[in-house]
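Visitor: Hello! I would like a close look at a single part of this model, and I am new to reading structures.

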Amino acid sequence: MATTTKEISIGDMGARASAHQDELQGENMAINVGPSHPTTHGVLRLMMELDGDLIKKCEPVVGYLHRGDEKIAENMTYNQFVPYTDRLDYIAPLANNVAYAMAVEKLADLEVPPRCAAIRVMVSELARISSHLLGIGVYGMDAGAWTPFMYTFTEREKLYTLFEELTGARFTTSYTRIGGVARDVPEGWLQKVSDFCDQFLPILEETCNLLTRNRIFMDRTEGVGVISKEDALAYGITGPNLRASGVDLDLRKDRPYLGYDQYDFDVPIGTTGDCYDRYLIRAEEVRQSVRIIRQVIKSFPEGSWYAEDAKKIYAPQKGKILTSMEELIQNFMIVTEGPRMPEGEVYFEAENPKGILGFFVVSKGGGVPYRLKIRSPSFCNLSILPKIAPGLYLSDITVLLGSLDFVMGECDR
Amino acid sequence: METQESQVGYNSKVEGDVIVTKVDAVINWVRKNSVWPMPMGLACCAIEMMGVAASRFDISRFGMEVMRFSPRQSDCMIVAGTVTYKMAPVVRRIYDQMADPKWVVAMGACASTGGMYRSYATLQGVDRIVPVDVYVSGCPPRPEALLDAMMKLQKKIEREPSFKSLNKETEEKRIWA
Amino acid sequence: MSELIDSLQPRFEGLEPRPSSDHPAMQCPVGLLLPLIECLRDEFSYSLLCDVTAIDWEEESPRFSVVYHLYSVKEGRYVRIVTNCEDDENPSVPSIVALYPGANWHERETFDMFGIRFEGHPDLKRILMWDGYPYYPLRKEFPLAGIETELPDAEIAEETKAKVLPAPMMGGPFVAADGSPMSKSEPRAKDQSWTEWKKKEALGGNDLDK
């Protein structure tokens with residue numbers, strides 16, 4: 001029987017694949033990290049195109065928490081709008097209250113007395129500690145570490161107790177009014193803050209020890225999501241994210257308000273601008289905030305907690321209202337028509353924990369603003385995502401979002 | 001194990017290790033003690049919900065610390081925060097994906113009625129798109145209030161006619177008391 | 001602070017100072033906007049774009065003004081630039097995305113809220129409201145409570161029979177009119193949508209949990 005042999009050469013799969021690369025490449029996979037997802041920063045939707053695991057395009061869709069704050073502001077008096085400012089950056093509400101009150105006071109060129117300024121500084125710094133603690137805790141949780149979340153939340157609960165004693169509410173405080181703060185510091189509160197600071201620093205060190213030199217955390221965050229100086233400034237990034245990229249911009253030092261220039265503190269500046277740097281900057285800012293708080297307590301001035309000569313702006317005390325006619329009329333006018341502000345336009349920015357929160361107030365006189373624009377730091381921080389996300393892997397997105405530390409209440413207003 | 005409807009007459013010397021009760025009681029007991037919430041954390045109330053899950057107001061003692069963000073694996077959707085019109089279809093879709101039996105807790109003023117946001121973009125209450133079982137008031141509600149609401153939900157689950165619905169094709173009307 | 005404006009006025013015809021309570025502010029004609037901002041960015045080191053927004057002046061003409069805030073990191077100073085849109089019906093200004101990439105989202109938001117088109121913007125679409133929302137919310141004639149439209153998702157709208165309804169204002173928010181005689185200035189809603197109250201159709205959950 002004649003046998004025939006035929007030689008067939010197939011080659012290995014790799015060689016065949018590379019010969020047909022264009023056909024096998026296929027399309028990019030469109031994936032939707034939907035508005036409801038486990039990163040606890042809120043309702044952000046990411047429409048991404050992936051090539052396998054590599055992100056090719058990333059487009060964030062915001063607006064799922066747009067509640068119409070700016071339109072509401074045009075219909076409310078200045079004091080009635082304070083609760084809405086709480087819910088902007090709802091992790092550090094006191095800082096928003098302070099920023100808003102200062103912006104409106106600028107319209108009337110009103111200076112608050114030193115005690116009120118000291119209270120506002122202390123409250124802003126406590127809010128900064130609270131916000132960064134949540135940022136660090138949740139960042140660890142996003143990266144997979146559950147314990148820092150528990151530790152930081154316990155510390156935040158202690159802060160909530162302090163806020164509750166001062167303002168009446170755990171976190172949505174609505175503490176400031178135009179011309180001052182709502183009520184004075186209660187007896188013994190300063191001592192409690194001082195005790196909190198003393199016991200807090202060792203716990204902060206313990207929490208940071210879990211993350212700072214943690215091999216897994218460092219591998220996940222170092223070199224990921226690098227934002228260059230030029231990019232950061234061009235896209236309007238502010239706050240710890242900008243300082244991590246190496247730009248020295250801190251409004252507390254560059255344009256001091258509320259007497260920040262009398263306190264001695266450092267501003268940490270990063271070198272590489274990656275996620276690890278952003279985490280380190282937040283941890284260091286917490287320590288600096290504790291330093292500021294200690295100085296405020298030591299030099300806490302006496303005096304009034306509201307601007308007493310601003311008769312048409314800050315309502316008089318309850319005792320006077322119920323007994324004297326003029327104070328009654330003043331209170332009525334301020335509550336129904338709002339604090340009388342002159343005509344004009346102001347733009348004031350404050351250094352909030354998330355970045356620079358700005359308020360642009362246009363007033364045509366009277367107690368209701370004509371236009372109120374809120375310049376939110378998270379809105380601008382998120383706009384850089386389409387630029388830095390491509391080139392990362394899908395699992396780096398959680399780390400990147402956690403490091404940017406944005407909050408959607410502020411982004412969408 | 002006693003519920004309001006079951007009469008457990010149990011004498012261990014007579015009956016030994018056997019309890020006689022209704023099927024409803026057993027099913028509801030199992031369901032209420034392991035309600036796995038699906039946190040629809042949208043705004044500030046989500047922070048209080050995270051506070052409930054943390055160590056001071058431990059929700060784990062009720063068996064509810066499993067806050068998986070997967071609708072297929074959860075029983076109760078806690079809508080925490082303002083629902084805007086843009087987000088409303090998303091909330092409804094996730095509700096539709098949850099498996100029966102499912103409950104909804106509207107946490108906070110914004111989820112119950114729209115809260116202080118009476119504006120063009122806010123859904124005035126999540127009960128316009130999903131049926132709600134328990135409303136929690138507060139802005140934000142204290143964590144204890146949320147725990148109280150979960151306990152009320154547990155009492156509501158106790159009274160459900162679960163056995164009948166297992167046999168029928170369509171579910172019986174739930175108790176709206 | 002008007003040194004800045006004094007040094008710029010000879011180079012840009014039509015630039016005028018604008019009254020402001022705090023930072024130096026300039027009124028700039030639309031045609032000069034791009035060269036002015038480029039000059040501010042390059043020569044005067046205003047490297048950070050803080051904000052882009054707009055104001056609706058209602059009855060006045062020109063109706064819309066676009067406001068830019070710039071900040072100089074080196075010197076710690078702000079400047080405000082205000083441009084009036086020439087057309088009241090279809091307002092538009094040139095886009096500064098080429099100068100500051102961060103203006104991309106700000107301009108989208110201004111378009112979303114006011115309907116001001118930015119010429120040269122790479123992708124001008126709504127950002128805070130959903131695509132397909134027919135109105136511009138921050139215009140003064142748009143009521144706070146909103147106008148009835150459809151939900152963004154047609155399937156869900158059919159399933160739940162829900163719509164985008166005007167919010168029940170119930171007479172609030174309570175603000176007294178300013179300046180008028182006391183007897184007339186009772187606190188009442190500035191917005192006239194206070195007599196309607198839409199009953200919630202989904203009460204009782206009867207249709208929904210089938």
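Visitor: How many residues line the largest cavity, and which of them lie nearest its centre?

Guide: Happy to help! Please keep in mind that this is a predicted model. A general idea comes first: rolling a probe the size of a water molecule over the atoms shows where empty space is left. In this structure, six cavities of 30 Å³ or more turn up, and the largest cavity holds about 100 Å³ of space.

Now to your question. The lining of the largest cavity is made of 15 residues. Nearest the centre you will find Arg87(A), together with Cys44(B), Cys45(B), Cys110(B) and Cys139(B). Try picking out these residues in the view, then look at the helices of chain B. Two of them, α3 (44-53) and α5 (108-113), each supply at least two residues of the lining. The most comes from α5(B), which gives three residues.

Arg87(A) belongs to the other chain named here, so to speak, and chain A deserves a glance as its background. Chain A has 19 helices and eight strands, and its C-alpha atoms fill a box of roughly 125 × 45 × 35 Å along the principal axes. Of the 413 residues in chain A, 62% are buried. The accessible surface of chain A comes to about 15,300 Å², with 53% of that belonging to carbon and sulfur atoms. As for charge, chain A carries 44 positive and 57 negative side chains, and the centres of the two sets lie 3 Å apart.

Note on methods. Residues numbered from 1 in each chain as written. Chains lettered and ligands numbered in written order. Predicted model: local features only at pLDDT ≥ 70, side-chain atom pairs only at ≥ 80, totals over all residues. Heavy atoms only, no water. Helix = DSSP H or I, 4+ residues; strand = E, 2+ residues; numbered from the N terminus. Buried < 20%, exposed > 50% of the residue type's maximum accessible area, 1.4 Å probe, protein only. Areas by Shrake-Rupley, 256 points an atom, 1.4 Å probe, with all protein chains shown as cover. Lys, Arg positive; Asp, Glu negative; His and termini not counted. Charge placed at Lys NZ, Arg CZ, Asp CG, Glu CD. 1 Å grid on protein atoms, 1.4 Å probe; cavity = no way out; pocket = protein on both sides within 12 Å on 5 of 7 lines; lining within 4 Å. Points joined across faces, edges and corners; volume = space filled by probe spheres on them.
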